[in-house]
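This note sets out several points for a student who is reading the structure for the first time. The points move from the whole chain to its domains, then to two helix pairs and the ligand.

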Amino acid sequence: MTDEELREEVGAWLAAHWKPAARETGADSMAPRKSAWMAKVVEAGWAAPRWPRQWLGRGLDDHQARIVEMEFARVRAPGSGQDRTNLWANTLLARGTEALKARLIAPLLRGEVGMCLLYSEPGAGSDLAGVRTRADRIDNHFVVNGQKVWTSSAATADYGMLIARTDWDVPKHRGISFFFLPMKQPGVEVLPLRQITNESHFNEVFITDAIVPAENLLGEMGEGWRVLQTALAYERSVMGEAARGPRSGVAETKGEEVLIALAREAGALSDPVMRQDIARAIGYRELNALNTARAKADLAQGTSSPIMSLGKLAMSRILHEEARVRTAILGAGSLMEGPDHPRAEDANFLALNAYFTSIGGGTDQIQRNIIGERVLGLPKEPEIDRDIPFREVRGG
Ligand SMILES: Cc1cc2nc3c(=O)[nH]c(=O)nc-3n(C[C@H](O)[C@H](O)[C@H](O)COP(=O)(O)OP(=O)(O)OC[C@H]3O[C@@H](n4cnc5c(N)ncnc54)[C@H](O)[C@@H]3O)c2cc1C
């Protein structure tokens with residue numbers, strides 16, 4: 001099929017099925033409608049166009065898959081390009097058992113399954129290979145015990161992507177396994193934590209004798225670190241491409257770059273220092289978009305890509321910088337808060353929420369280490385516990 005034929009096919013399909021006006025004006029809740037739309041996208045093979053047909057894709061190459069995504073973007077229809085962005089489905093497709101894929105790939109693409117990441121623990125964050133949650137195999141299942149923390153969306157999740165130790169007698173990176181843990185079971189207790197933004201999206205998760213079927217193991221036993229690298233690459237790629245915007249819901253601009261619009265509104269657009277700050281912030285974002293496109297072209301299915309760390313680090317800098325410029329534009333007005341002061345509310349929220357990207361998914365410092373060691377080829381950090389059996393590693 002030529003590019004033009006493909007563009008026509010996608011365009012015709014969207015014209016026949018995508019009815020944004022009906023969706024926006026409907027009185028019912030969005031969720032089932034959105035799910036019905038996603039089901040159509042998945043069924044037609046547009047959700048993950050790079051994937052084989054067996055897994056609901058179209059087997060397209062990257063160039064043609066981009067055409068599909070661009071056609072969806074042109075009419076603002078969601079659901080396509082999940083073969084780049086759906087962390088859960090991509091990790092499952094790359095490393096899952098046939099049974100688990102058959103059960104969950106389609107519901108994941110349709111957005112019907114709630115997911116969370118059970119990685120961090122009180123004693124293992126940046127040093128994730130130090131996890132002490134354990135999974136012991138008994139017959140055809142594993143029994144899991146331990147504690148996780150900072151787990152976003154755990155309260156609503158159906159499954160958690162879990163890393164747990166299955167072998168204590170080998171060095172720390174080699175004794176970890178990767179699972180899809182069913183969250184809705186008596187052995188999983190979720191307690192919310194309050195964030196700096198006054199929201200409670202993340203949680204503590206206490207796991208006591210929870211059961212995970214053996215078919216929910218991704219990769220081989222003890223191969224969890226490698227599976228994790230695949231999952232982290234997808235996570236960092238998503239975080240490097242986009243971030244949450246303001247939460248006030250106030251429409252900010254009329255097609256104009258937001259920082260320029262805010263400066264115009266505040267009468268600060270003729271200030272030369274402000275103009276430079278704004279230009280720099282916009283420049284960072286443009287550069288990151290180009291760099292992300294370059295990195296994405298390198299990310300083959302099922303491999304980790306340390307270059308994704310560059311995009312995530314850049315996005316962290318962009319978010320902090322944009323929040324700083326917003327605050328500078330507002331001046332003393334940024335001290336206000338509440339619904340009567342949406343501009344200040346937005347600036348303050350964005351300043352605080354920027355830490356989501358600079359800590360979640362691995363901190364800025366860790367991304368710098370990865371870039372230094374795996375992209376630039378600098379010597380590795382000394383790690384005294386890397387090669388000894390985990391059982392002998394001192395714990396806090
Ligand atoms: C909003 C948000 C959502 C999150 N969601 C999830 C989630 O869903 N699931 C999940 O598992 N986790 C989640 N996390 C946790 C996140 O991944 C960890 O907080 C992060 O990896 C850092 O670990 P830590 O908090 O234990 O800090 P530590 O590892 O204790 O680090 C403390 C400080 O030391 C620095 N540091 C540590 N080691 C090094 C080193 N080798 N070189 C240089 N500096 C170093 C760090 O950069 C940091 O500044 C979330 C975090 C946030 C903020």
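1. Overall make-up. The protein chain contains 13 helices and eight strands. Its radius of gyration is 23 Å, close to the 21 Å that the globule rule gives for 396 residues, so the chain is as compact as a globular protein of that length. Please keep in mind that this is a predicted model. Along the principal axes, the C-alpha atoms of the protein chain fill a box of roughly 65 × 50 × 45 Å.

2. Domains. The protein chain is divided into three stretches: domain 1 (3-85), domain 2 (115-222) and domain 3 (242-375). Taken over C-alpha atoms, the centres of domain 1 and domain 2 are separated by 33 Å.

3. Helices α1 and α4. How do these two helices pack? Helix α1 (residues 3-17) and helix α4 (residues 62-74) meet at an angle of about 35°, and their axes are 9 Å apart. The contact involves Asp3, Leu6, Arg7, Val10, Gly11 and Leu14 on the side of α1, and Gln64, Ile67, Val68, Glu71 and Phe72 on the side of α4. By class, the residues of this contact are six nonpolar, two polar and three charged. The crossing of α1 and α4 is right-handed.

4. Helices α11 and α13. A second pair is formed by helix α11 (residues 308-330) and α13, whose axes come within 9 Å and cross at roughly 145°. From α11, the contact takes Ser309, Leu310, Lys312, Leu313 and Ser316; from α13, it takes Asp364, Gln367, Arg368, Ile370 and Ile371. Four nonpolar, three polar and three charged residues make up this contact. Is the crossing of α11 and α13 left-handed or right-handed? The crossing of α11 and α13 is left-handed.

5. Surroundings of the ligand. There are 21 residues around the ligand, and those that come nearest are Tyr119, Gly125, Ser126, Thr363 and Gln365. By class, the shell comprises nine nonpolar, 11 polar and one charged residues.

6. Origin of the shell. Which elements each supply at least two residues of the shell around the ligand? They are β1 (115-118), β3 (141-152), α12 (342-359) and α13 (364-375). Helix α13 therefore deserves a second look, as a contributor to the shell and as a partner of α11. At the level of domains, domain 2 (115-222) and domain 3 (242-375) each give at least three residues to the shell around the ligand.

Notes. Residues are numbered from 1 along each chain as its sequence is written. This is a predicted model: local features need pLDDT of at least 70, side-chain atom pairs count only at pLDDT 80 or more; totals for chains, interfaces and linings use all residues. A residue is near a molecule or strand if its C-beta atom, placed from the backbone, lies within 6 Å of it. Helices (H or I, at least four residues) and strands (E, at least two) are DSSP runs, numbered from the N terminus. Ala, Val, Leu, Ile, Met, Phe, Trp, Tyr, Cys and Pro count as nonpolar, Asp, Glu, Lys and Arg as charged, and the others, Gly among them, as polar. Domain bounds come from an automatic or database domain assignment. Axes are lines fitted to C-alpha atoms, for helices over the stretch in contact, and angles run from 0 to 180 degrees between N-to-C directions. A crossing is left-handed if the near helix is turned anticlockwise from the far one by less than a right angle, and right-handed if clockwise. Two residues are in contact if their C-beta atoms, placed from the backbone, lie within 7 Å. The radius of gyration is taken over C-alpha atoms; the globule rule is 2.2 Å times the number of residues to the power 0.38.
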